[in-house]
Amino acid sequence: MSSGSACVTAMAQEAAACSIRTPVPLQVGDGTSEPGVSVIDVTFPAATPRHVRAISFRNFYTAFLTVKIQQLRPTATKKSRTWRTCVRSLRLMPDPHMEEGSQDYVSVCRQQMSCDADNVTALRFILRQPSPVWLTFTLEELQINPPGRQSPQKPFSWWLSHLPPREELQKLHKGLPDPERVSSEVQRMWALTEVMRSTQSTAAVGRFDVDGCYDINLLSYT
């Protein structure tokens, strides 16, 4: 899975209504905060189970993302809620210390999840940013089952990742003229032009008239 990827699964007609909490630092066992790790919890109204088809958001300096889902699973005696990891350590920034991927649009589809996402009652997004360069990191415009629409304009890094294969580029290169030969021909043409310009006479050949009259001193006699 990579940032900027487009979903091919059918989207719901409208985004699922949900409550998105603001990011909070991850708490470890002794109650202290884990540096560089934040958590965003998402719940559905009245804990109504939903089938998650896709998740979309705009990144904001998050380097890695893990998504856990809480599922309602009926058993022989009762209904239990269990947590499962459906997206594990998704890389959103190729280099946590650099800008690339820091504000990309990302869509994660059902086919890209490591487990089924049916009967989901809550989601937990675990954000990691190991770089000390970015003190604030989060996910913006977060939607569950976003409505079907054209993908937003893709960043420049996405276009670079979708260049033709090297074999295709080599075929295109073979059909082009040798750049050194082209440069040599252009240089020769420029030199010939300069020679012609320097040897060109400023006087008009065979013309001795001025305003339709002839200067007597310019006429030759036999």
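The following exercises, with worked solutions, concern the core and strand S8 of a predicted model.

**Exercise 1.** Determine which residues of the largest nonpolar core touch the most other members, and which strand supplies the largest share of this core.

*Solution.* Step 1. The largest nonpolar core has 30 residues, and those touching the most other members are Ile 55, Leu 65, Leu 123, Phe 125 and Ile 144.
Step 2. Several strands each supply at least two residues of this core, including S3 (33-43), S5 (64-74) and S8 (120-128).
Step 3. The largest share is that of S8, with 4 residues.
Step 4. For Ile 55, contacts beyond four places in sequence include Leu 123, Phe 125 and Ile 144.

**Exercise 2.** Identify how S8 pairs with S3 and with S5, and name the residue in S8 that is the bridge partner of Val 39.

*Solution.* Step 1. The pairing of S3 with S8 is antiparallel and has 7 bridges; within it, Val 39 has Ile 126 as its bridge partner.
Step 2. S5 and S8 also run antiparallel, joined by 8 bridges; here Leu 127 in S8 stands opposite Leu 65.

**Exercise 3.** Decide whether Thr 121 is buried or exposed, and state which side chain it joins in a polar contact.

*Solution.* Step 1. Thr 121 belongs to strand S8, where 7 of the 9 residues are buried.
Step 2. Thr 121 is buried because its relative accessibility is 3%, and the cut-off for buried is under 20%.
Step 3. The side chain of Thr 121 makes a polar contact of 3.4 Å with that of Arg 81.
Step 4. Beyond four places in sequence, Thr 121 touches several residues, among them Thr 43, Phe 44, Gln 70 and Leu 72.

Notes
Residues numbered from 1 in each chain as written. Predicted model: local features only at pLDDT ≥ 70, side-chain atom pairs only at ≥ 80, totals over all residues. Heavy atoms only, no water. Core = buried A, V, L, I, M, F, W, Y, C linked by side-chain atoms within 4.5 Å. Buried < 20%, exposed > 50% of the residue type's maximum accessible area, 1.4 Å probe, protein only. Contact = heavy atoms within 4.5 Å. Pairing = 2+ DSSP bridges. Polar contact = N/O pair within 3.5 Å; in protein donor to acceptor, adjacent residues only side chain to side chain.
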